[in-house]
Amino acid sequence: MMQTYVLSLADKPEGVFSVVDNNTGEHVIPIFEDAEDAERYAIQMVEVQNGPSLQILEIEKEIIVAACEEKDQRYAIITIDDFIIPPC
């Protein structure tokens, strides 16, 4: 089983952080394959974008993908080769 990392609001750990797709208006959950990428994104959200404080949650890829698909929630697998920056 592959471990992945998602973000949640520091004050609401029961929820999963998502971003809004500017083209569709839909919420998309970023699922990071690398913990350092998730951490870097969370830091950028706070320091650069003045966004909410986020925490990183480790979860098996199959579990988070199944949960997203069950709820018709869009998600994006962020691989170590991907480059993602917080929205402006």
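Helix H1 is a good place to start: its 13 residues, 35-47, should span 18 Å at 1.5 Å a residue, and the end C-alpha atoms do sit 18 Å apart, so expectation and model agree. The model in question is a predicted one. Seen down the axis of H1, the buried residues fall within an arc of 135°, so they line one face of the helix. The residues concerned are Asp-37, Ala-38, Tyr-41, Ala-42 and Met-45. Turned away from that buried side is a face that carries the exposed residues Glu-36 and Glu-47. As for what lies over the buried residues of H1, the cover includes the strands E1 (3-9), E2 (19-20), E3 (27-32) and E4.

Helix H2 (61-70) can be read in a similar way. Its buried residues include Ile-64, Val-65 and Cys-68. These cover an arc of only 100° around the axis, which puts them on the same side of H2. Their cover includes E1, E3, E4 and E5. Just past the helix there is a backbone detail to note: H2 is followed by Asp-72, whose phi is positive, near 55°. Most residues other than glycine have a negative phi. Asp-72 is found in the loop between H2 and strand E5 (74-78), and with a relative accessible area of 73% it counts as exposed, the cut-off being over 50%.

Strand E1 turns up in the cover of both H1 and H2, and two of its residues deserve a closer look. Thr-4 lies in this strand and is buried, its relative accessible area being 0%. Leaving aside neighbours within four places in sequence, Thr-4 is in contact with Ile-31 and Phe-32, with Leu-57, Glu-58, Ile-59 and Glu-60, and with Lys-61 and Ile-64. Ser-8 also lies in E1, and Ser-8 is likewise buried, at 0% relative accessible area. With neighbours within four places again set aside, the contacts of Ser-8 are Pro-13, Gly-15, Phe-17, Ser-53, Leu-54, Gln-55 and Leu-57. Leu-57 thus appears among the contacts of Thr-4 and among those of Ser-8.

Leu-57 comes up once more in the lining of the largest pocket. This pocket has a volume of about 180 Å³. Along with Leu-57, the lining is made up of Val-6, Val-16, Ile-29, Ile-59, Ile-63, Ile-64, Ala-67, Cys-68, Lys-71 and Gln-73. By type, the lining residues divide into nine nonpolar, one polar and one charged. Strand E4 (54-60) and helix H2 each supply at least two of them, and H2 gives the most, with four residues. Ile-64 and Cys-68 belong to this lining and are also among the buried residues of H2.

Away from the pocket, Glu-26 has its place in the loop between E2 and E3. With a relative accessible area of 37%, Glu-26 is partly exposed. Once neighbours within four places in sequence are left out, Glu-26 is in contact with Val-19, Val-20, Asp-21 and Arg-74. Glu-26 and Asp-81 are 55 residues apart in sequence, and their C-alpha atoms are 24 Å apart in space.

Definitions and conventions: Residues numbered from 1 in each chain as written. Predicted model: local features only at pLDDT ≥ 70, side-chain atom pairs only at ≥ 80, totals over all residues. Heavy atoms only, no water. 1 Å grid on protein atoms, 1.4 Å probe; cavity = no way out; pocket = protein on both sides within 12 Å on 5 of 7 lines; lining within 4 Å. Points joined across faces, edges and corners; volume = space filled by probe spheres on them. Nonpolar A, V, L, I, M, F, W, Y, C, P; charged D, E, K, R; others polar. Expected span 1.5 Å × (residues − 1). Buried < 20%, exposed > 50% of the residue type's maximum accessible area, 1.4 Å probe, protein only. Arc of directions from axis to C-beta. Contact = heavy atoms within 4.5 Å.
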